[in-house]
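Reader: Please take me through a close look at a single part of this model, and then through its surroundings. Keep it brisk.

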Amino acid sequence: MRYLVTGAAGHAQEVGWSLRKQCVRRGSECSLVFFDDAVSRGPLPSGLGDVVGTLDRVGDYARLGQAELVLGVGLPRTKAAIVERLRGVSLPWATVIHPAAIIGPNVHIDEGSYVAAGAILTVNARLGRFTTINTHCAVAHDAAVGDFATLHPNVHISGSASIGEGCEIGAGAVVIQTVDIGPWAVLGASCTAIASLAGRRTYVGVPARDVQTPPPARSVGTLDDRDLAGSEAHADEDAVSSPLHVPRRLMLPSKGVVSKGTHGR
Ligand SMILES: CC(C)(COP(=O)(O)OP(=O)(O)OC[C@H]1O[C@@H](n2cnc3c(N)ncnc32)[C@H](O)[C@@H]1OP(=O)(O)O)[C@@H](O)C(=O)NCCC(=O)NCCS
């Protein structure tokens with residue numbers, strides 16, 4: 001089979017590599033041709049194939065015969081724009097699943113999606129059309145990922161969570177169980193969603209907050225009176241229980257007392 005890959009940057013080459021592995025596993029032929037508006041024509045550094053022109057050339061190659069289209073870009077809006085641009089090309093979109101992905105029973109993966117090496121989709125999960133599940137992502141039981149949504153590497157989507165259409169979930173982000181992320185939302189790298197989030201907004205941090213909302217102010221490291229009182233009480237107890245015992249207060253490092261709520265800041 002000839003595959004017409006839309007995009008030729010690093011992500012497209014990862015998808016192409018995964019596709020080639022998938023073909024090897026199936027024992028089928030795999031020839032990759034790349035199209036990109038911004039990458040010049042010629043062989044790719046990965047050796048996976050050649051860039052033969054811009055996306056406007058896809059139609060010419062489609063007319064040559066049996067082939068499938070491959071989505072080689074990762075950002076949701078770019079994916080949607082390419083699918084729209086090539087709407088007139090009557091070829092199916094390949095679903096690319098690297099053989100090193102782990103996929104459990106009753107997992108539905110729709111047309112044009114990409115599941116990278118090391119991803120794990122456990123049971124009863126559902127991926128819509130043109131989803132991207134990057135390296136080492138986990139999508140747990142009964143979770144759903146909407147059309148065009150992208151999980152960057154190392155994202156964890158917990159059980160029965162739902163990721164809306166077109167969401168971009170940054171590297172290392174976590175969405176806990178049963179939480180819904182609204183359509184076209186962006187979660188920054190390492191963000192953790194512990195409650196459902198409205199769509200079309202950008203969130204960062206742990207727990208997730210709207211990027212335009214300033215983070216909660218941190219208190220300056222003042223010593224809490226209750227902590228001081230506690231340490232005095234312990235010191236006195238020690239002194240009473242053993243006359244040879246050095247009071248704990250005197251054993252503290254010379255730099256001072258570490259109070260609750262300031263440690264490590
Ligand atoms: C969140 C993100 C989308 C940027 O959004 P943005 O609207 O352009 O925000 P900005 O870059 O203007 O940053 C706005 C504020 O959020 C903070 N911020 C940005 N990304 C953050 C993150 N991931 N975690 C915590 N804070 C973050 C910035 O420091 C800045 O803070 P400030 O206002 O106090 O200076 C981007 O930083 C991000 O994390 N993208 C994920 C990319 C990714 O995972 N790529 C993987 C490729 S394989």
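Author: The account below starts at one helix and its cover, then moves outward to the rest of the protein.

This is a predicted model, in which local features need pLDDT of at least 70 and side-chain atom pairs count only at pLDDT 80 or more, while totals for chains, interfaces and linings use all residues. Residues are numbered from 1 along each chain as its sequence is written.

Begin with helix H3, which spans residues 76-85. Helices here are DSSP runs of H or I with at least four residues; strands are runs of E with at least two; both are numbered from the N terminus. Pro76, Lys79 and Ile82 of H3 are buried. Buried means that 20 or more other C-beta atoms lie within 10 Å of the residue's own; exposed means 12 or fewer, partly exposed is in between, and C-beta atoms are placed from the backbone. Seen down the axis of H3, the buried residues fall within an arc of 130 degrees, so they line one face of the helix. That arc is taken from the directions between the helix axis and the C-beta atoms. The background is simple: an α-helix has 3.6 residues a turn, so residues three or four places apart point the same way.

What covers this face? The cover of the buried H3 residues includes S1, S5, strand S15 (150-151) and strand S18 (168-169). Strand S5 covers residues 67-71. Four of its five residues are buried, so S5 is largely enclosed by the rest of the structure. Strand S1 (residues 2-6) runs parallel to S5, joined by five bridges. Strands count as paired if DSSP finds at least two bridges between them. Thr6 has Leu71 in S5 as its bridge partner.

Next, another set of strands. S2 (residues 31-35) and S4 (residues 50-53) run parallel, with three bridges. Phe35 stands opposite Gly53 in S4. S3 (residues 42-43) runs antiparallel to S4 over two bridges. There, Gly42 has Val51 as its bridge partner. S3 and S4 make a hairpin, with six residues between them. Gly47, in the turn, has a positive phi of about 75 degrees.

Now the open sheet. Six strands pair in parallel, in the order S7-S10-S13-S16-S19-S22. S7 (102-103) and S22 (192-193) stand at the edges, each with a single partner strand, so one side of each lacks a neighbour in the sheet. For S7, two parallel bridges lead to S10 (residues 120-121). Ile103 stands opposite Leu121 in S10.

One loop residue deserves a stop. Ser113 sits between strand S8 (108-109) and strand S9 (114-115). Ser113 counts as buried because it has 24 C-beta neighbours inside 10 Å. Leaving out residues up to four places away in sequence, Ser113 touches Thr95, Leu127, Arg129, Phe130 and Thr131. Contact means C-beta atoms, placed from the backbone, within 7 Å. From Ser113 to Arg129 is 16 residues in sequence, but 5.8 Å in space, C-alpha to C-alpha.

Then the ligand. Residues around it include His152, Pro153, Thr202 and Val211. Near means a C-beta atom, placed from the backbone, within 6 Å. The shell has six nonpolar, six polar and no charged residues.

Last, the totals. The protein has five helices and 24 strands. Of its 265 residues, 36% are buried. Among contacts with a separation of 6 or more, 30% join residues 24 or more positions apart.

How values were computed: Two residues are in contact if their C-beta atoms, placed from the backbone, lie within 7 Å. Ala, Val, Leu, Ile, Met, Phe, Trp, Tyr, Cys and Pro count as nonpolar, Asp, Glu, Lys and Arg as charged, and the others, Gly among them, as polar.
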